[in-house]
Amino acid sequence: MMVVKSWRLTPLALGAALAMAAAGAQAQAQSESMFSLSGFGTVGVVGTTKDGGEYVIPGQTQGADQSLSGEVDTKLGLQVGAKFNSKFSATVQVLTKQNGKGNWTPQIEWAYGKYQATPGLAFRLGRMGAPFFAVSDFRDVGYANTWLRPPIDVYGQVPVSHFDGGDVNWTTQLAGHSVTLGAFAGQSQSYVRNVKVELKDMVGLNASAELMDGLTVRLGHVMGKVTVNNASVNTLVATLRGTPYASVGNQLDPNGKDATFSSIGLTYDEGNWVAAAEFTKRKTDTFVPDTTGWYTTLGYRVGKFTPYATLSQQKTDSVNVDNTVPSPSALHTIVDTVANSQSTPQKTIGLGMRWDAWRNIAVKAQYDSIKTTGGGQFYNVQPGFANQRVGVYSLAVDFVF
Amino acid sequence: MQFKMNKILAGAALLVAAVAAQAQVAVVVNPKSSVGNMTADQVASIFLGKSNALPSGNAAVAVDLPENAAARETFYSKATGKSSAQVKAAWSRLVFSGKGTPPKELGSAAEVKKFVAANPDAIGYIEKSAVDGSVKVVLSVE
């Protein structure tokens with residue numbers, strides 16, 4: 001049923017893409033136009049070797065098991081840029097993919113104005129990509145990435161892709177190396193598995209430097225106040241506050257709690273080798289666990305083919321709740337269940353191949369062998385699925401125009 | 001037998017020479033630009049979107065030849081060391097992170113020359129044989 005639904009959508013998405021491509025070609029013909037149109041998309045299918053849990057990109061509400069799903073990776077994005085003069089420009093990006101509400105309603109991913117003060121200094125205001133990761137901005141642009149999708153063990157930790165606010169980015173040459181420093185502030189609201197998650201008072205810093213030809217290092221740190229609008233957690237917190245275990249309730253409380261995310265990443269792309277690695281840490285003061293996520297990817301180009309391998313892991317460092325409610329009791333069990341509900345540790349070994357089939361089309365196949373602790377990042381986990389090794393095979397066609 | 005071999009070698013040499021001649025590409029700027037010679041690295045950073053500044057400090061306005069132009073393939077493989085698919089992927093990373101706009105694509109060497117001659121901060125590349133007084137060569141790649 002899921003498959004049927006997604007395949008109905010795909011021709012529609014492709015039709016729209018073709019129409020937009022034609023419009024883009026026309027826009028390009030009028031070479032003096034201040035508008036530019038570009039787009040990206042993926043048509044992808046995923047299946048797994050085991051029923052009883054669905055493979056999703058964290059945040060989604062439906063995914064793949066032994067019956068294939070086209071709803072995990074398929075997406076279409078359109079971007080319109082307007083350059084008013086050499087300093088002022090504006091960009092709007094609309095993206096349709098399976099969102100955190102489980103539907104395909106197109107969302108305004110970006111809508112910002114940019115002031116390019118000097119060739120190296122730019123200010124932006126509006127809605128823009130939230131730079132939590134090395135490939136945050138183009139995590140949905142399959143064509144831009146070697147992998148079929150960014151490793152979910154790392155990218156699943158923060159299912160927030162954009163924020164509303166402002167940023168400043170400064171690029172300069174330092175001792176012959178290109179260095180970029182960025183700062184941003186704002187807030188964001190998104191749906192994660194039908195639950196509204198808000199980040200307020202968000203402030204972040206980024207720095208990247210090209211150490212040598214093709215080798216770039218990136219550092220990032222974000223802090224803010226997180227609110228998870230989950231009615232049952234709030235009810236549990238209220239209940240606990242009426243018992244001698246109010247402190248347990250305070251630890252679970254998901255309203256306006258401190259959260260941070262720190263990352264260090266390396267990317268290498270020179271000659272035939274491509275490599276990437278990120279090491280990240282999420283910390284919160286609520287029932288969302290502190291986690292460590294990392295991956296390393298290595299690939300080697302052979303003509304139009306790039307075989308690659310990725311190792312990745314998400315670890316739970318702390319569930320952030322010291323359950324002092326006496327056991328055995330129903331309340332103790334409920335607190336444990338909630339505290340562990342967002343803990344999704346797993347390890348993945350991934351092997352894939354990118355084929356640059358056409359000038360703006362890449363075809364990719366990837367096989368991930370995932371070892372979960374509990375249900376890992378699988379969704380709708382049934383009893384008996386826990387602590388398994390599950391194979392996930394994916395095929396995708398990525399395009400840009 | 002010996003004679004035959006020589007003929008083949010001479011033919012191969014001619015072929016190599018012809019390919020080399022065809023492969024010569026000149027990177028050109030506006031004749032009034034203060035930019036002198038540029039290194040392949042400087043040119044590559046502009047055409048791969050790593051920097052949008054010319055050595056003069058002004059923002060560069062880069063222009064491309066069509067994707068099927070032989071000079072384009074030569075230019076990118078020699079000046080940047082990247083295949084057209086790699087260049088496309090690099091630009092898609094910039095476009096879809098809002099960090100840049102790829103060089104405007106023009107239809108022919110004549111159009112590139114016309115554009116460069118009319119824009120003080122323009123930079124483009126054309127077959128060396130197409131170079132004339134309307135543009136200034138800052139780098140030759142072959």
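Student: How far does helix H5 of chain A reach from its first C-alpha to its last?
Tutor: Heads-up: this is a predicted model, where local features need pLDDT of at least 70, side-chain atom pairs count only at pLDDT 80 or more, and totals for chains, interfaces and linings use all residues. Residues are numbered from 1 along each chain as its sequence is written, with chains lettered from A and ligands numbered from 1 in the order in which they are written. H5(A) is a DSSP run (helices are H or I, at least four residues; strands are E, at least two; both numbered from the N terminus), and it has 12 residues, 330-341. The expected span, 1.5 Å times one less than the number of residues, is 16 Å, and the helix comes close to that, reaching 16 Å.

Student: How wide an arc do the buried residues of H5(A) cover?
Tutor: Buried means 20 or more other C-beta atoms within 10 Å of a residue's own (exposed is 12 or fewer, partly exposed in between, with C-beta atoms placed from the backbone). Val335(A), Val338(A) and Ala339(A) qualify. The arc is taken over directions from the helix axis to the C-beta atoms, and these residues sit on the same side of H5(A) because they cover only 100°.

Student: Which residues on the other side of H5(A) are exposed?
Tutor: The buried residues are covered by, among others, helix H3 (231-241) and helix H4 (246-252) of chain A. Over on the other side, the exposed ones are Ala330(A) and Thr337(A).

Student: And helix H5 of chain B: which strands are among what covers its buried residues?
Tutor: H5(B) runs over residues 109-118 and buries Ala109(B), Val112(B), Lys113(B) and Val116(B). Those fall within an arc of 100°, so they line one face of the helix. The cover includes three strands of chain B: S1 (25-29), S2 (61-64) and S4 (122-127).

Student: Is Lys88(B) buried or exposed?
Tutor: Lys88(B) lies in helix H4 (residues 84-95) of chain B. Beyond four places in sequence, Lys88(B) is in contact (C-beta atoms, placed from the backbone, within 7 Å) with Arg359(A) and Asn360(A). Because Lys88(B) has 22 C-beta neighbours inside 10 Å, it counts as buried.

Student: Which element gives the largest share of the side of chain A that touches chain B?
Tutor: The contact takes 24 residues from chain A and 18 residues from chain B. Strands S1 (35-48), S2 (75-83) and S5 (121-129) of chain A each give two or more residues to that chain A side. The largest share, 3 residues, comes from S1(A).

Conventions: Contact = placed C-beta atoms within 7 Å.
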